[in-house]
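Q: I should like to learn how to read the interior of a protein model. Where does one begin?

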Amino acid sequence: MSVSLILLPLAIAAAAAHAGLTKGRTGDATVCQVQTRMRDAGLLAAALRDTRAAVTPDDDGLVADWAGVRARFVRDEQHVWTAHFTGDVDEPRAVDIVRALDVAYGRQVQQAVLARLTERAPAAGLRLESRAVTPDRAVRLVFAVERSS
């Protein structure tokens, strides 16, 4: 079976949701749109690895392989990702994979932002005093303002 999911950035997805979810068939493939925050190819590759996919870059995007399922991620001219799933996959499973991938992508974004904050803090006159992770995986950073001489 073949399933293609158009991974719409959240801003575009809001407009698409208002217009209604696009879903249809192209030949033997099911095509539908899924809301996502995925934009960065490096973070997407890391998120795919977090979902236990074997990731291979190709000329146009990324190929991810799980047990019995392959997905090829490519971007269009507007930089919107499309995931083309093949193998032992149907539409609900493809959507579940993308939802898990979106959660993993969110964690990758969080890690990247935290790294930038802690890296740039000293230049802004801040010192990291504490870092705590809440049960829902939110991260709380407490910075102290360094005294200037």
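A: One begins with a definition: a nonpolar core is a set of buried Ala, Val, Leu, Ile, Met, Phe, Trp, Tyr and Cys residues joined through side-chain atoms within 4.5 Å. The model shown here is predicted.

Q: Why look for such a set, and which residues have the most contacts inside the largest nonpolar core here?

A: In soluble globular proteins, nonpolar side chains tend to be buried together. In this model the largest nonpolar core has 29 residues, and Leu5, Leu7, Leu44, Leu48, Trp66, Phe73 and Phe85 are those with the most contacts inside it. At least two residues of this core come from each of strand S1 (2–9), helix H2 (41–50), strand S5 (61–66), strand S6 (69–75), strand S7 and helix H3 (91–120). H3 gives the largest share, seven residues.

Q: How many helices and strands does the protein have, and in what order do the elements run from the N terminus on?

A: The protein has three helices and nine strands. From the N terminus on, their order is β-α-β-β-α-β-β-β-β-α-β-β.

Q: What share of the residues is buried, and what share of the accessible surface belongs to carbon and sulfur atoms?

A: Of the 149 residues in the protein, 36% are buried. The accessible surface comes to about 9200 Å², and 52% of this area belongs to carbon and sulfur atoms.

Q: How does one read contacts in terms of sequence separation?

A: One takes the contacts between residues at least 6 apart in sequence; in this protein, 52% of them join residues at least 24 apart. Leu7 offers a single-residue view: leaving out residues up to four places away in sequence, Leu7 touches Val34, Thr36, Met38, Phe73, Val80, Trp81, Thr82, Ala83 and Val98.

Q: Is Thr82 buried or exposed, and which residues does Thr82 contact?

A: Burial is read from relative accessibility, with buried meaning under 20%. Thr82 has 14% relative accessibility and therefore counts as buried. Thr82 lies in strand S7 (residues 81–87). Apart from neighbours within four places in sequence, Thr82 contacts Leu5, Ile6, Leu7, Arg72, Phe73 and Val74.

Q: How does Thr56 read by the same steps?

A: Partly exposed is the class between under 20% and over 50%. Because its relative accessibility is 43%, Thr56 counts as partly exposed. Thr56 belongs to strand S4 (residues 54–57). With neighbours within four places in sequence set aside, Thr56 is in contact with Gly61, Leu62 and Val63. The C-alpha atoms of Thr56 and Arg72 are separated by 9.5 Å, the two residues being 16 residues apart along the chain.

Notes:
Residues numbered from 1 in each chain as written. Predicted model: local features only at pLDDT ≥ 70, side-chain atom pairs only at ≥ 80, totals over all residues. Heavy atoms only, no water. Helix = DSSP H or I, 4+ residues; strand = E, 2+ residues; numbered from the N terminus. Buried < 20%, exposed > 50% of the residue type's maximum accessible area, 1.4 Å probe, protein only. Contact = heavy atoms within 4.5 Å. Areas by Shrake-Rupley, 256 points an atom, 1.4 Å probe, with all protein chains shown as cover.
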